[in-house]
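Here is my note on the model you sent round. Please read it with the coordinates open.

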Amino acid sequence: MLNRKNVGSKERIARVIGGGLMIWCGLVPLHATALGLAIAGVGVVGMVTGAVRYCPACAIAGRKPIDND
């Protein structure tokens, strides 16, 4: 089941860009405080799910795999 993509191409781009921005915001403006590191950690998860095109939370919620994308 882990090899089935459930993140589309537009969402993939949004996850990678959004994750990168969250990492930057957590480390630079917030100076890597506890809150900044938490935000950066969420950004890493977003970037990874965008990169591999699979989101376990979406699979649990019932999102169907993408076949032609």
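The points below run from the overall fold to single residues.

1. **Ground rules.** This is a predicted model, in which local features need pLDDT of at least 70, side-chain atom pairs count only at pLDDT 80 or more, and totals for chains, interfaces and linings use all residues. Residues are numbered from 1 along each chain as its sequence is written, and side-chain values use heavy atoms, with hydrogens and water left out.

2. **Fold.** The protein has three helices and zero strands. Both are DSSP runs numbered from the N terminus: H or I over at least four residues for helices, E over at least two for strands. The order along the sequence is α-α-α. Along the principal axes, the C-alpha atoms fill a box of roughly 40 × 20 × 15 Å.

3. **Burial and surface.** The protein has 69 residues, and 23% of them count as buried. Buried means under 20% relative accessible area, exposed over 50%, and partly exposed in between, with a 1.4 Å probe and protein chains only. The exposed area of the protein is about 4,600 Å², of which carbon and sulfur atoms supply 71%. Accessible areas come from the Shrake-Rupley method with a 1.4 Å probe; for residues, only the protein chains shown count as cover.

4. **Contacts.** Take the contacts between residues at least 6 apart in sequence: 71% of them join residues at least 24 apart. Contact means heavy atoms within 4.5 Å.

5. **Helix α1.** This helix has 19 residues. From first C-alpha to last, α1 reaches 27 Å, close to the 27 Å expected at 1.5 Å a residue. The expected span is 1.5 Å times one less than the number of residues. Which residues of α1 are buried? They are R15, G19 and G26. Seen down the axis of α1, these fall within an arc of 40°, so they line one face of the helix. The arc is that of the directions from the helix axis to the C-beta atoms. The cover over the buried residues of α1 includes α2 and α3. On the other side of α1, K10, I13 and I17 are exposed.

6. **M47.** This residue lies in helix α2. M47 counts as partly exposed, at 29% relative accessibility. Which residues does M47 contact, leaving aside its neighbours within four places in sequence? The contacts are R15, V16, G19, G20 and I23. Two of these partners, R15 and G19, are among the buried residues of α1. By contrast, M47 and L30 are 17 residues apart in sequence and 20 Å apart in space, C-alpha to C-alpha.

7. **Salt bridges.** There are two in the structure. The criterion is a side-chain nitrogen of Lys or Arg within 4 Å of a carboxyl oxygen of Asp or Glu. Side chains of opposite charge can pair when their charged atoms come close. E11 and R15 form one bridge, at 2.8 Å, N to O. Both residues sit in helix α1, four residues apart, about one turn of the helix. R15 is buried at 18% relative accessibility. E11 is partly exposed at 25%.

8. **The second bridge.** E11 also pairs with R63, and here the closest N and O atoms are 2.8 Å apart. E11 lies in helix α1 and R63 in the segment after α3, so the pair ties together parts that are 52 residues apart in sequence. R63 is partly exposed, with a relative accessible area of 36%. Shared partners join E11, R15 and R63 into one network.

9. **Nonpolar patch.** W24, L27, V28 and L37 form a nonpolar patch on the surface, with about 380 Å² of accessible area together. Patches take residues with over 30% relative accessible area and no salt bridge; like charges are joined within 9 Å, and nonpolar side chains (Val, Leu, Ile, Met, Phe, Trp, Tyr) within 5 Å. L37 belongs to helix α2. Its relative accessible area is 47%, so L37 is partly exposed.

10. **Backbone outliers to check.** Most residues other than glycine have a negative phi. A32 has a positive phi, near 55°. A32 is in the loop between α1 (9-27) and α2 (34-52), and is partly exposed at 37% relative accessible area. R53 is not a glycine either, yet its phi is positive at about 60°. R53 lies in the loop between α2 and α3 (56-61). Is R53 buried or exposed? R53 counts as buried, at 10% relative accessibility.
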